[in-house]
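Trainee: Hi! Could you walk me through this protein? I'm new to reading structures.
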Amino acid sequence: MGLIKFLKNWTLPVAMIGGALGYLVFRALPLPYEVKADMLAVTEVMQPVLLFIMLFVAFCKIKPTDLKPHTWHAWLLLTQCLLFSIACLFLWAYPDTGSRVIVEGFMLAIICPTATACAVVTQKLGGDSAATTSYTIIINMVVALLCPLLLPVAHPQAGLSFIPAFTVIINKVFPLLIVPLFLAWFVRYLMPGVHRRIVATKDLAFYMWAVSLAIAIAVTCKALAHSDESMWNVLGIAVVTLVACLFQFAFGKWIGRHYGKRMEAGQALGQKNTVFIIWLGYTFLSPITATAGGFYSIWHNIVNSWQLYKFRNEK
């Protein structure tokens with residue numbers, strides 16, 4: 001029972017360590033290349049499926065009438081959009097800067113939308129998960145518009161314009177955010193018996209997120225192991241994502257304190273969809289920039305682990 005209690009209390013650190021060790025074991029196994037490729041393909045499919053189901057379960061516990069904008073949402077939006085725009089304009093003005101990948105890592109850590117698991121953690125911390133879910137939906141729509149406008153400015157590529165970039169991003173956002181929301185509403189109103197059973201499950205979404213986290217850490221380890229970027233750039237990305245993480249949690253809480261939503265605003269601004277950062281880096285910037293998502297995943301989950309620890313002690 002002591003081990004089970006330990007695993008429940010420290011699920012996130014265990015998931016991160018497990019993901020890193022899992023990749024190291026996988027890399028050391030003397031398996032044929034084809035087998036390893038198939039295993040990686042299965043992993044790539046597992047993560048979005050887990051995120052979809054996790055978000056569906058979380059949305060089932062939120063009433064549609066509770067999803068509404070708040071004043072503090074506007075301040076968080078302004079913060080993300082302004083800092084991201086400044087970083088993009090800096091890279092436009094100084095395209096040959098030697099710290100390009102570090103700046104790109106910072107701007108991805110800033111503009112990245114709120115994690116789909118934010119509602120899950122907010123529930124665990126006893127907060128208003130509907131408020132963070134509302135912001136998650138809003139910021140995803142804003143990112144789908146802002147990134148196609150500014151990424152071609154910061155990182156020009158042949159054929160990269162607003163419409164193709166917007167289509168690619170919205171195709172990434174819609175299935176993993178809007179579809180589970182509509183499905184949860186469908187089950188709530190047309191299948192009340194199924195809905196009651198889903199709502200009765202305790203912490204299911206949280207443990208699914210832990211599995212998804214372990215996969216994300218393993219993907220990060222893979223990207224770092226295969227990177228030929230200089231150690232200084234990798235270290236620089238690690239540092240700027242740590243700074244971005246701590247700033248966003250602190251600033252979000254400062255904003256939320258004025259509206260009685262200190263914890264919710266901190267989570268909404270600080271907890272990021274790191275899978276989206278990795279995908280955005282690979283798709284529009286460079287493979288090394290994608291490691292910003294992995295580093296940020298470590299930092300914000302350390303913060304979340306500390307917050308959950310404090311919450312348990314206070315209870």
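Mentor: Happy to! Let's begin with a term: buried means under 20% relative accessible area, exposed means over 50%, and partly exposed is in between, using a 1.4 Å probe and protein chains only. By that rule Asp128, at 25% relative accessibility, counts as partly exposed.

Trainee: Nice. Anything I should know about the model itself?
Mentor: Yes, this is a predicted model, where local features need pLDDT of at least 70, side-chain atom pairs count only at pLDDT 80 or more, and totals for chains, interfaces and linings use all residues. Residues are numbered from 1 along each chain as its sequence is written, and side-chain values use heavy atoms, with hydrogens and water left out.

Trainee: Back to Asp128, then. Which side chain does Asp128 meet in a salt bridge?
Mentor: Its partner is Lys261, at 3.1 Å from N to O. Lys261 sits in the loop between α11 and α12 (262-270) and Asp128 in the loop between α6 (118-124) and α7 (129-154), so this pair ties together parts that are 133 residues apart in sequence.

Trainee: What counts as a salt bridge?
Mentor: A side-chain nitrogen of Lys or Arg has to be within 4 Å of a carboxyl oxygen of Asp or Glu.

Trainee: And how many salt bridges does that rule give?
Mentor: The count comes to two. Glu104 forms a salt bridge with Arg100, and their closest N and O atoms are 3.0 Å apart.

Trainee: Where do Glu104 and Arg100 lie?
Mentor: Both are in helix α5, four residues apart, which is about one turn of the helix. As for the labels, helices (H or I, at least four residues) and strands (E, at least two) are DSSP runs, numbered from the N terminus.

Trainee: Are Glu104 and Arg100 buried or exposed, and what does the chain bring to Glu104 from far along the sequence?
Mentor: Both Glu104 and Arg100 are buried. Ser286 is 182 residues from Glu104 along the chain, while their C-alpha atoms are separated by 9.2 Å. You'll find Ser286 in the loop between α13 and α14, and with a relative accessible area of 14% Ser286 is buried.

Trainee: New topic: how do people describe two helices packed together?
Mentor: They give the angle between the two axes and the distance between those axes. Here the axes are lines fitted to C-alpha atoms, for helices over the stretch in contact, and angles run from 0 to 180 degrees between N-to-C directions.

Trainee: OK, at what angle do α4 and α5 cross?
Mentor: Helix α4 (residues 71-93) and helix α5 (residues 100-111) cross at roughly 160°, with axes that come within 9 Å. Angles under 35 degrees count as roughly parallel, over 145 as roughly antiparallel, 65 to 115 as roughly perpendicular and the rest as oblique. That is why α4 and α5 are roughly antiparallel to each other.

Trainee: Which hand does the crossing of α4 and α5 have?
Mentor: It is left-handed. A crossing is left-handed if the near helix is turned anticlockwise from the far one by less than a right angle, and right-handed if clockwise.

Trainee: And how do α4 and α11 cross?
Mentor: Their axes come within 10 Å and cross at roughly 150°, so α4 and α11 are roughly antiparallel. In this case α4 passes α11 in a right-handed crossing.

Trainee: What about α11 and α14?
Mentor: Helix α11 (residues 231-257) and helix α14 (residues 287-314) have axes that come within 8 Å and cross at roughly 45°, so α11 and α14 are oblique to each other. The crossing of α11 past α14 is right-handed.

Trainee: How many residues of α13 are buried?
Mentor: Eight of the 11 residues in helix α13 (residues 274-284) are buried, so the helix is mostly covered. Among them are Phe276, Trp279 and Gly281, and Gly281 has 0% relative accessibility.

Trainee: Last one: which residues make the nonpolar surface patch?
Mentor: Leu183, Phe186, Tyr189, Leu190, Met191 and Val194 make a patch of about 580 Å². Patches use residues with over 30% relative accessible area and no salt bridge, joining like charges within 9 Å and nonpolar side chains (Val, Leu, Ile, Met, Phe, Trp, Tyr) within 5 Å. Accessible areas come from the Shrake-Rupley method with a 1.4 Å probe, and for residues only the protein chains shown count as cover. Helix α8 (residues 162-190) gives the most to the patch, with four residues.

Trainee: Is Tyr189 buried or exposed, and how about Val187?
Mentor: Tyr189, at 56% relative accessibility, counts as exposed, whereas Val187, at 5%, counts as buried. Tyr189 lies in helix α8, and Val187 lies in helix α8 too.
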